[in-house]
Amino acid sequence: MSTLDDLPIRDDLRGRAPYGAPQLDVPVRLNTNENSYPVPEPVIEAIGAALAAQLRDLNRYPDRDAVALRADLAAYLGHGLTAEQVWAANGSNEIQQQLLQAFGGPGRTALGFAPAYSMHPLLALGTGTGWVPARRGVDFGLTADEAVAQVREHRPDVVFLCSPNNPTGTALDPAVVAAVLDEAPGMVVVDEAYAEFARPGTVSALAVLPGHPRLVVTRTMSKAFGFAGGRLGYLAADPAVVAAVQLVRLPYHLSALTQAAARAALAHRDALLATVSQIMAQRDRIVAELRARGHRVADSDANFVLFSVDDQAAAWRALLDAGVLVRDVGLPGWLRVTAGTPAETDAFLTAMQTVRVGA
């Protein structure tokens with residue numbers, strides 16, 4: 001049997017591993033920031049009906065521009081957005097890949113502030129875009145001055161900002177977004193995958209879209225909507241940005257079934273988003289309890305918590321042995337846990353009693 005070394009694969013892909021967290025059969029799985037609550041039965045029935053209505057016409061291609069879905073997403077986002085300012089794809093990963101295909105590519109660079117979402121450099125690699133690993137400051141913070149200095153130094157074609165940031169969980173000060181917009185020569189992408197979990201008073205970059213044609217805000221239905229298996233991400237931007245990504249999108253990239261399921265979920269958003277406050281309560285409970293035990297914990301506006309341990313590899317294994325799967329994000333002395341149900345929080349906090357605190 002052949003291996004990758006036997007194939008004429010691109011040199012910059014040799015020796016690399018595909019993205020992905022461990023998929024293990026454990027009692028408590030808190031490593032991928034999924035919504036732990038199942039889809040409510042009435043919503044299941046609504047989605048099922050919407051899918052059934054599409055089955056007779058599966059011999060036909062779907063609406064390649066997903067206009068009705070985009071209108072529904074615009075209505076959900078508010079801020080006066082219209083369908084012409086929204087674009088949807090198979091998860092926010094595909095959205096960001098399309099943005100790099102349109103605005104990055106060979107001879108161009110993208111910049112992100114690490115630690116941040118680890119798919120961004122991989123998307124850059126896949127699209128032939130150079131990657132600049134800018135850095136965050138003390139305690140993983142990012143000030144406007146720090147961000148501007150690094151953008152000014154590297155002059156990237158695309159800047160990625162995460163708010164709330166993964167894996168640290170903290171939302172950006174709006175002044176950072178404003179300063180980067182003023183300095184960046186190209187596109188500024190604000191990844192708001194966890195925006196629905198932000199603490200009161202947090203400002204979305206959607207508020208500053210008017211008058212900023214190079215700003216893009218990306219979102220997902222995977223987290224707050226509990227729609228991870230449905231794979232639906234989207235962006236809000238100037239209509240010219242939507243026109244640009246349509247140049248690189250695959251034809252009929254969103255199936256009729258995906259569009260129908262997502263529209264049904266959006267129509268029942270009140271039922272699906274009802275779990276957000278419960279998840280936020282568990283997040284805040286985890287933060288408070290771990291800090292009381294002496295752990296350093298990053299402020300979180302997301303559905304997860306980053307916390308310090310003495311040895312992240314040993315702590316990860318100890319938790320797994322206790323039946324709790326969390327995420328080792330590659331930061332020495334830190335682990336990340338998803339906020340789930342009260343029972344899952346109980347199991348995690350109990351298992352953490354055997355884990356050394358760390359400085």
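How much space lies in the largest pocket? About 1200 Å³, and the legends below start there. Keep in mind that this is a predicted model.

**View 1. The largest pocket and the residues at its centre.** With about 1200 Å³ of space to look into, a handy place to begin is the middle. Tyr19, Tyr117, Ser118, Asn166 and Arg327 are the closest to the pocket's centre, out of 44 residues that line the pocket. Sorted by class, the lining comes to 21 nonpolar, 15 polar and eight charged residues.

**View 2. Helices and strands that help line the largest pocket.** Two helices to pick out here are α3 (91–103) and α4 (119–126), each of which gives at least two residues to the lining. Strands β3 (109–114), β4 (130–135) and β5 (158–162) each supply at least two residues as well.

**View 3. Helix α3 against helix α4.** Here are those two helices again, this time for how they pack. Their axes sit 9 Å apart, at an angle of about 45°, so α3 and α4 count as oblique to each other. The crossing is right-handed. On the α3 side, look for Asn93, Gln96, Gln97 and Leu100; they meet Met119, His120, Leu123 and Ala124 of α4. This contact is made of four nonpolar and four polar residues, with no charged ones.

**View 4. Helix α10 alongside helix α12.** Now move along the chain to α10 (residues 276–292) and α12 (residues 342–351), which pack with their axes 10 Å apart and an angle of about 20°. An angle under 35 degrees counts as roughly parallel, so that is the label for α10 and α12. Their crossing is right-handed. From α10 come Gln282, Arg285, Ile286, Glu289 and Leu290, and from α12 come Pro342, Thr345, Asp346, Phe348 and Leu349. Charged residues do turn up in this contact: there are three of them, along with five nonpolar and two polar.

**View 5. A cavity inside the model.** How many cavities of 30 Å³ or more are there? The count comes to one. The largest cavity holds about 50 Å³ of space. Its lining draws on several stretches of the chain: Asn35, Tyr37, Pro38, Val39 and Pro40, then Ala224, Phe225 and Gly226, and finally Ala271, Leu272 and Thr275. Eight of these lining residues are nonpolar and three are polar, while none is charged.

Conventions: Residues are numbered from 1 along each chain as its sequence is written. This is a predicted model: local features need pLDDT of at least 70, side-chain atom pairs count only at pLDDT 80 or more; totals for chains, interfaces and linings use all residues. Side-chain values use heavy atoms; hydrogens and water are left out. On a 1 Å grid over the protein atoms alone, a cavity is a set of points where a 1.4 Å probe fits but cannot get out, and a pocket is an open set with protein on both sides within 12 Å along at least five of seven lines; lining residues have an atom within 4 Å of a point. Grid points are joined across faces, edges and corners, and a volume is the space filled by probe spheres set on the points. Helices (H or I, at least four residues) and strands (E, at least two) are DSSP runs, numbered from the N terminus. Ala, Val, Leu, Ile, Met, Phe, Trp, Tyr, Cys and Pro count as nonpolar, Asp, Glu, Lys and Arg as charged, and the others, Gly among them, as polar. Axes are lines fitted to C-alpha atoms, for helices over the stretch in contact, and angles run from 0 to 180 degrees between N-to-C directions. Angles under 35 degrees count as roughly parallel, over 145 as roughly antiparallel, 65 to 115 as roughly perpendicular and the rest as oblique. A crossing is left-handed if the near helix is turned anticlockwise from the far one by less than a right angle, and right-handed if clockwise. Contact means heavy atoms within 4.5 Å.
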